[in-house]
Amino acid sequence: MIFSTPTFLAFLGIVLVAVAVARSEVQRRAVLFLASLVFYGWWDWRFCFLIVIASFVDYKLALLIQQAPSRPEKRKWLVTSVAMNLGLLAIFKYATWLMSSIAGAFSLDVEVPEIPLPLGISFFTFQAMSYTIDVYREKFNPTHKMSEFTFSMSFFPHLIAGPIVRASHFMPQLADEHPLRKDELIDGLGRFAKGFVKKTLIADNFAICADAVFADPAFYSSPTVWLGVIAYTGQIYYDFSGYSDMAIGLARMFGYRFPENFDHPYLSRNITEFWRRWHLSLSSCLRDYLYISLGGNRRGPARTYFNLLATMLLGGLWHGASLTFVMWGGIHGLALAVHKWMHERWPAPGMVRRLLGPPFTLLLVMVCWVFFRSTSFADALAVLGKMAFVDVDGCAWPHVQSLLALGLALGAHVYVAFGREIVFDLRKPPMVAMLVFVLVIDLLYAPSSSNPFIYFQF
């Protein structure tokens, strides 16, 4: 089920009613746990067992880490947890690619089996590893109730595409009761509506142009390819931040709080600031569990630059087994290292850097998105070639709905740039009227079918 479809909205209504009539917190959590299994099993019920079994194993390993009498013993159980979670990723996400690469390298005439990819496996394995690592670092005491840990892992608002909700943030909330409350329901509905509009009115309209251009970049003229890249730059932000808004809103409806996941990253003045604003739950995990584990900035400048590059390369591989993802991560890692080197030598940016920083950062991010979106390295180079050299012989296709989405996106960013925030406060009648108006426009101009969220593939 996709959050922006009528099927999910009907499912949500049923779950809200069931939670409302539940008489105790145990019953409410049971309802939400069963709803989460139905939500995940809607795609493939077999993988529900994967989540439950993986949760059980990490729950037990966290207890073993806490109870171990020595540091080496604790480290042994931590390595077991990390190996199990990375093993799941290796089997489901990378095994087919690895076997195909080996077969191609040795010219082997073998049929490589297609292993189905469980939705959201990168997110829930990362979340599980963060739990056992925090227990090992003694930043968090593990729960002794398996039901609590399984519930935190499977809670459907964040199950497929995040935000990555760390146990240290979510588990303390389980000490409280969460009956449906009017204020929380209104706040959650407003946040959900904001994400719904982002997804259906802006991201899905951007997708029409972006999908066409990236499917055959050689067919289109340079201006149209530029429009396609701009459209994808807008699509991935409004798609993913829209999903995060909807997830945060859903959790809020049921009385839970998720961390924020985006902070208007396209307003960033440099690439370091971009990663402090983009996909916050992932970037903080990459910092805390990869960059710091590699040594962070504690071993001199050269090692710091290497750690930045290595962290982002691994972040690229986390998204998928493809040279394009490696290139995406590598460029970001190199840019972070260069910016850190510059900042150490010239900590106070001059006028030129302040003026050119935001557009240059956005251009760099757009170039990286070309690799992220392209299905092959050759396609990425074709897109970049069209962007670098003017070619007016190809098809010119200024898609009207994508231009409308671009106008809405630019308007929203200008509004936010002046220190304001777009909030649907449903307690205020004018905001309710505005939301109704926006939803009518949404019905008129949104594509007839909703695309899956981009990060579902990860």
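# A guided tour of cavities, a pocket and aromatic residues

Begin by selecting Gln127, Tyr131, Phe149, Ser152, Val165, Arg166, Ala167 and Phe170, which line the largest cavity. The model on the screen is a predicted one. The space in this largest cavity comes to about 40 Å³. Colour the helices α5 (121-136), α6 (146-154) and α8, since each of them supplies at least two residues of the lining. By class, the lining of the largest cavity divides into five nonpolar residues, two polar and one charged.

**Second stop: the other cavity**

How many cavities of 30 Å³ or more are counted? The count comes to two. The second largest cavity has a volume of about 30 Å³. To display the lining of this second largest cavity, select Phe123, Phe124, Gln127, Met153, His158, Leu159, Gly162, Pro163 and Ile164. Helices α5 and α7 (156-159) each supply at least two residues of this lining, and α5 gives the most, with three. The lining of the second largest cavity holds six nonpolar and three polar residues, and no charged ones. Gln127 deserves a label of its own: Gln127 lines the largest cavity, and Gln127 also lines the second largest.

**Third stop: a stacked aromatic pair**

Return to Phe170, one of the residues lining the largest cavity, and add Tyr256 to the selection. A pair of aromatic rings is described by the distance of the centres and the angle of the planes. The structure holds 48 aromatic pairs. Among them is the pair of Phe170 and Tyr256, which is stacked, with 5.3 Å centre to centre and 25° between the planes. Where in the chain do the two residues of this pair lie? Phe170 belongs to helix α8 (residues 167-170), whereas Tyr256 lies in the loop between α10 (222-253) and α11; the two are 86 residues apart, and the pair links distant parts of the chain. Phe170 has a relative accessible area of 1% and is therefore buried, the limit being under 20%. Tyr256 is likewise buried, with a relative accessible area of 1%.

**Fourth stop: charges over rings**

Select Arg71 and Tyr136 next. The charged end of Arg71 sits over the ring of Tyr136, 4.2 Å from the centre of that ring. Then select Arg46 and Phe47, where the charged end of Arg46 sits over the ring of Phe47, 5.8 Å from its centre.

**Fifth stop: Phe456**

Move to Phe456, in the segment after α18 (429-445). Is Phe456 buried or exposed? At 5% relative accessibility, Phe456 counts as buried. Show its contacts: leaving aside neighbours within four places in sequence, Phe456 touches Met1, Ile2, Trp43, Leu119, Gly120, Ile160, Ala161 and Tyr243. Of these contacts, Gly120 is a useful residue for trying the distance tool: Phe456 and Gly120 are 336 residues apart in sequence, and their C-alpha atoms are 6.1 Å apart in space.

**Sixth stop: Tyr232**

Now select Tyr232, which is found in helix α10. Tyr232 is buried, with a relative accessible area of 4%. Apart from neighbours within four places in sequence, Tyr232 is in contact with Ala210, Phe214, Trp369, Phe372, Arg373 and Ile454. Lys340 offers another pair for the distance tool: Tyr232 and Lys340 are 108 residues apart along the chain, and 28 Å separates their C-alpha atoms.

**Seventh stop: two histidines with positive phi**

Select His264, in the loop between α10 and α11. The phi angle of His264 is near 50°, a positive value in a residue other than glycine. His264 is buried, with a relative accessible area of 13%. Continue to His279, in the loop between α11 and α12. Phi of His279 is near 40°, again positive in a residue other than glycine. His279 is buried as well, with a relative accessible area of 0%.

**Last stop: the largest pocket**

Finish at the largest pocket, which has a volume of about 1,200 Å³. Which residues lie nearest its centre? Select Asn270, Ile271, Thr272, Glu273 and His339, which hold that position among the 34 residues of the lining. Helices α11 (271-275), α12 (280-291), α13 (301-319), α14 (323-345) and α15 (351-373) each supply at least two lining residues. Of the contributions to this lining, that of α15 is the greatest, with eight residues. Coloured by class, the lining of the largest pocket shows 17 nonpolar, ten polar and seven charged residues.

Technical notes. Residues are numbered from 1 along each chain as its sequence is written. This is a predicted model: local features need pLDDT of at least 70, side-chain atom pairs count only at pLDDT 80 or more; totals for chains, interfaces and linings use all residues. Side-chain values use heavy atoms; hydrogens and water are left out. On a 1 Å grid over the protein atoms alone, a cavity is a set of points where a 1.4 Å probe fits but cannot get out, and a pocket is an open set with protein on both sides within 12 Å along at least five of seven lines; lining residues have an atom within 4 Å of a point. Grid points are joined across faces, edges and corners, and a volume is the space filled by probe spheres set on the points. Helices (H or I, at least four residues) and strands (E, at least two) are DSSP runs, numbered from the N terminus. Ala, Val, Leu, Ile, Met, Phe, Trp, Tyr, Cys and Pro count as nonpolar, Asp, Glu, Lys and Arg as charged, and the others, Gly among them, as polar. Rings of Phe, Tyr and Trp (its six-membered ring) pair if their centres lie within 6.5 Å; planes under 30 degrees apart count as stacked, over 60 as edge-to-face and the rest as tilted. Buried means under 20% relative accessible area, exposed over 50%, partly exposed in between (1.4 Å probe, protein chains only). A charge sits over a ring if NZ of Lys or CZ of Arg is within 6 Å of the ring centre and within 35 degrees of the ring normal. Contact means heavy atoms within 4.5 Å.
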